[in-house]
Each structure stands twice: as C-alpha cells, then as structure tokens.
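I opened this structure to look up a few things and keep notes. The entries follow in the order I made them.

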Amino acid sequence: MIVRSNGAEIVDMHEMGCTREAWADWLACDNEYAVGDRAAVEAGALELLDTLAIVLRKL
C-alpha cells in the first residue's frame, strides 16, 4: 500500500509493539466510533490490524 515516490524516500518502516495497548485504550473510551468498533474486535479483527512506524525523507 505504500510505494516509493519521486518526492520522498522511505528511511524506515517497521511494526510497532503498541497495537494491542492502543486498541484497548480506544475501546475503553466512550467515543461513539470506539463503541461501534468493539464488536469487530471481539469477533477477531485485532488479529488483522497492526500499527506501523514510517519515517520518510523529503527529496
């Protein structure tokens, strides 16, 4: 989904270890979208999600 472009160079891209903690925080809040996401996570959607760190350098 992320491709090289003429205007930027990918310096680093890696998985972060905070995905589960971030989702737990999100699902614990009373935001209407977070409430709606609870069923998807309970059904296993978290196994398909990840958090990425991407560092780009403008060329």
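**Entry 1: salt bridges**

I began with Arg57, which is partly exposed at a relative accessible area of 43%. For these labels, buried means under 20% relative accessible area, exposed means over 50%, and partly exposed lies in between, with a 1.4 Å probe and protein chains only. I note that this is a predicted model, where local features need pLDDT of at least 70, side-chain atom pairs count only at pLDDT 80 or more, and totals for chains, interfaces and linings use all residues. Residues are numbered from 1 along each chain as its sequence is written, and side-chain values use heavy atoms, with hydrogens and water left out.

How many salt bridges does a search of the whole structure find? It finds two. I counted a salt bridge when a side-chain nitrogen of Lys or Arg lies within 4 Å of a carboxyl oxygen of Asp or Glu. Side chains of opposite charge can pair when their charged atoms come close.

Arg57 forms a salt bridge with Glu9, and the closest N and O atoms are 3.1 Å apart. This pair links distant parts of the chain, with Glu9 in strand E1 and Arg57 in strand E2, 48 residues apart. I took helices (H or I, at least four residues) and strands (E, at least two) as DSSP runs, numbered from the N terminus.

Another salt bridge joins the side chains of Arg20 and Glu47, at 2.8 Å from N to O. Arg20 lies in helix H1 (residues 19-28) and Glu47 in the loop between H2 and E2, so the pair ties together parts that are 27 residues apart in sequence. Glu47 is exposed, with a relative accessible area of 60%.

**Entry 2: Glu9 and Asn31**

I went back to Glu9. Strand E1, which holds Glu9, covers residues 8-15. Glu9 counts as partly exposed because its relative accessible area is 32%. Which residues does Glu9 touch, not counting residues up to four places away in sequence? I found Val55, Leu56, Arg57 and Leu59. Contact here means heavy atoms within 4.5 Å.

Then I checked Asn31. Its C-alpha atom is separated from that of Glu9 by 36 Å, and the two residues are 22 apart along the chain. Asn31 caps the N-terminal end of helix H2 (residues 32-42), with a side-chain oxygen 2.6 Å from the backbone nitrogen of Tyr33. After H2 comes Gly44, whose phi is positive, near 110°.

**Entry 3: Thr19**

Is Thr19 buried or exposed? Thr19 is buried, because its relative accessible area is 7%. Helix H1 is where I found Thr19. Its side chain joins that of Thr51 in a polar contact of 2.8 Å. A polar contact is a pair of N or O atoms within 3.5 Å; within protein, one must be able to donate a hydrogen and the other to accept it, and residues adjacent in sequence count only if both atoms are side-chain atoms. Leaving aside neighbours within four places in sequence, Thr19 is in contact with Leu46, Leu49, Asp50 and Thr51.

**Entry 4: the cysteines**

I looked for disulfides, meaning pairs of cysteine sulfur atoms within 2.5 Å. The count comes to zero. Why is Cys18 not bonded? The closest cysteine sulfur, in Cys29, is 16 Å from the sulfur of Cys18, too far for a bond. Cys18 is partly exposed at 27% relative accessibility. Cys29 is partly exposed too, at 26%.

**Entry 5: a nonpolar patch**

Met13, Leu52, Ile54 and Leu56 make a nonpolar surface patch of about 360 Å². Patches take residues with over 30% relative accessible area and no salt bridge, joining like charges within 9 Å and nonpolar side chains (Val, Leu, Ile, Met, Phe, Trp, Tyr) within 5 Å. The areas come from the Shrake-Rupley method with a 1.4 Å probe; for residues, only the protein chains shown count as cover. Strand E2 (residues 52-58) gives the largest share of the patch, three residues. Leu56 sits in strand E2 and is exposed at 52%.

Leu52 is also in strand E2, and is partly exposed at 47%. Leaving aside neighbours within four places in sequence, Leu52 is in contact with His14, Glu15 and Met16. I found Met16 in the loop between E1 and H1. The C-alpha atoms of Met16 and Leu52 are separated by 5.6 Å, with their positions 36 residues apart along the chain.
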